Amino acid sequence: MPMLPANTVHVWIGSLKRDYGPFVHMLSPDEQQRAARFVFEHLRWDYTVAHGLLRQTLSTYLDVKPEAVRFKVGQYGKPRVDSTALRFNLSHSGELVVIGVCRDREIGIDVERVRALDDLDLIAKYHFSPREIASLNVLPAEQKQAGFFNCWTRKEAYIKALGLGLAQPLDQFAVSLQPGKPAELLYVEGKPEEPGRWTFTSFTPEPGYAGALAVEGKDCTVSFFTVPVNA
Ligand SMILES: CC(C)(COP(=O)(O)OP(=O)(O)OC[C@H]1O[C@@H](n2cnc3c(N)ncnc32)[C@H](O)[C@@H]1OP(=O)(O)O)[C@@H](O)C(=O)NCCC(=O)NCCS
C-alpha cells in the first residue's frame with residue numbers, strides 16, 4: 001500500500017447520484033443479491049453505487065481489480081478486507097457516500113444529512129448519554145440541530161470503529177457536541193483509558209451534511225478527497 005503511510009487516514013467523499021450501470025458488474029454475487037432485495041429502486045441504486053465506489057477505492061490501495069476485492073464480515077457486521085492491513089469504513093446518507101481508509105488501526109466513519117427532526121429531543125433521550133443530553137440542552141436554540149448531528153455522527157463513528165454497532169450501549173459513553181469545539185471522546189463507562197486511545201475528527205463533506213471520523217491512535221493526519229463524478 002505505497003500510497004497510504006501508516007499515520008495517515010484518507011477520507012473519500014462521493015456522490016451517489018451517478019449511473020449505477022458501471023458498478024453492477026463489480027459487485028460480488030452476495031452484494032448483487034443484497035441489492036436485489038431492496039424494494040425501492042433508489043435504495044438499490046444507492047447500495048450499488050456505494051459498494052461499487054468502495055470496491056473501486058479499495059482496489060487502488062490494494063492494486064487489484066475492483067471485483068477482486070474480498071471482504072469478510074466481523075461478528076457484529078463490520079466488513080473488512082480479507083488478509084491485509086488495510087482498514088476501512090463506509091457510511092452513506094442522502095446523496096453522499098463517505099469512505100475512510102487507513103492501515104493497521106481501527107476506523108469508523110459516519111455521515112448524516114442534516115435535517116429538521118420533530119422528535120430530536122426524544123431521539124436524544126433514548127440514544128444519548130446523560131452528559132450529552134445535558135450539553136445539548138444548554139445550547140442556544142439555533143445551535144441545537146448542529147449539536148445533535150455532531151453528537152449522532154460522533155457516536156456512530158465510535159461504535160463503527162469498535163465494530164460493535166448497537167451492541168455497544170449508546171448511553172455508556174459520551175462525545176463532545178458543542179458546535180465550533182473539537183470533536184472528542186469524553187468518557188466510556190468502566191474504561192478510563194479509552195478517550196486517550198482515539199482521534200475524532202468532524203467534517204462537512206458538503207453543505208447540509210455532517211460527518212465524523214473515529215480512528216484508533218493519537219498520531220494520525222486526515223486528508224480528504226472527492227471521488228470524481230465520472231469515476
Ligand atoms: C449498522 C450500523 C453500524 C450503522 O448503520 P447506519 O448508520 O444506519 O449506516 P451507515 O451508512 O453509516 O453505515 C453502514 C455501513 O457500515 C458498515 N457496517 C455494518 N456493520 C458495521 C459494524 N458493526 N461496525 C462498523 N461498520 C459496520 C457497512 O459497510 C455498512 O454498509 P452497508 O449497509 O451498505 O453494507 C449501526 O451503527 C446501526 O444500526 N446504527 C443505527 C442508527 C442508530 O440508532 N444510531 C444512534 C445514533 S447515536
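**Two pockets and three helix packings**

Val114, Ala146, Phe149, Asn150, Thr153, Ser202, Phe203, Thr204, Gly208, Tyr209, Ala210 and Gly211 line the second largest pocket of this structure. The structure is a predicted model, in which local features need pLDDT of at least 70 and side-chain atom pairs count only at pLDDT 80 or more, whereas totals for chains, interfaces and linings use all residues. Residues are numbered from 1 along each chain as its sequence is written, and side-chain values use heavy atoms, with hydrogens and water left out.

A pocket here is an open set of points on a 1 Å grid over the protein atoms alone, where a 1.4 Å probe fits, with protein on both sides within 12 Å along at least five of seven lines; lining residues have an atom within 4 Å of a point. The second largest pocket has a volume (the space filled by probe spheres set on the points) of about 160 Å³. Helix H6, strand S9 (198–203) and strand S10 (209–216) each give two or more residues to the lining of this second largest pocket; helices and strands are DSSP runs of at least four (H or I) and at least two (E) residues, numbered from the N terminus. H6 makes the largest share of that lining, with four residues. Six residues of the lining of the second largest pocket are nonpolar, six are polar and none is charged, where Ala, Val, Leu, Ile, Met, Phe, Trp, Tyr, Cys and Pro count as nonpolar, Asp, Glu, Lys and Arg as charged, and the others as polar.

The largest pocket has a volume of about 830 Å³. Its lining holds 31 residues, of which Arg34, Tyr47, His51, Gly77 and Pro79 are the closest to the pocket centre. At least two lining residues of the largest pocket come from each of helix H2 (29–37), helix H3 (41–62), strand S2 (71–73), strand S4 (86–93) and helix H6 (144–162). H3 supplies six residues, the largest share of this lining. By class, the lining of the largest pocket has twelve nonpolar, eight polar and eleven charged residues.

Helix packing brings several of these elements together. H2 and H3 pack at an angle of about 155°, with their axes 8 Å apart; axes are lines fitted to C-alpha atoms over the stretch in contact, and angles run from 0 to 180 degrees between N-to-C directions. H2 is therefore roughly antiparallel to H3, a term for angles over 145 degrees. Glu31, Arg34, Ala35 and Ala36 of H2 make the contact (heavy atoms within 4.5 Å) with Arg44, Tyr47, Thr48, His51 and Arg55 of H3. The contact of H2 with H3 comprises three nonpolar, two polar and four charged residues. Arg34, Tyr47 and His51 take part in this contact and also belong to the residues closest to the centre of the largest pocket.

H6, which contributes to both linings, also packs against two further helices. The axes of helix H5 (residues 130–137) and H6 come within 9 Å and cross at roughly 160°, so H5 and H6 are roughly antiparallel to each other. On the H5 side, Glu132, Leu136 and Asn137 meet Lys144, Gly147, Phe148, Cys151 and Lys155 of H6. Three nonpolar, two polar and three charged residues form the contact of H5 with H6.

Helix H4 (residues 120–127) packs with H6 at an angle of about 30°, and the axes of H4 and H6 are 11 Å apart. Leu120, Asp121, Ile123, Ala124 and His127 of H4 make the contact with Lys144, Gln145, Phe148, Trp152 and Lys155 of H6. The contact of H4 with H6 divides into five nonpolar, two polar and three charged residues. Lys144, Phe148 and Lys155 of H6 therefore appear in the contact with H5 as well as in the contact with H4.

Key:
Angles under 35 degrees count as roughly parallel, over 145 as roughly antiparallel, 65 to 115 as roughly perpendicular and the rest as oblique.
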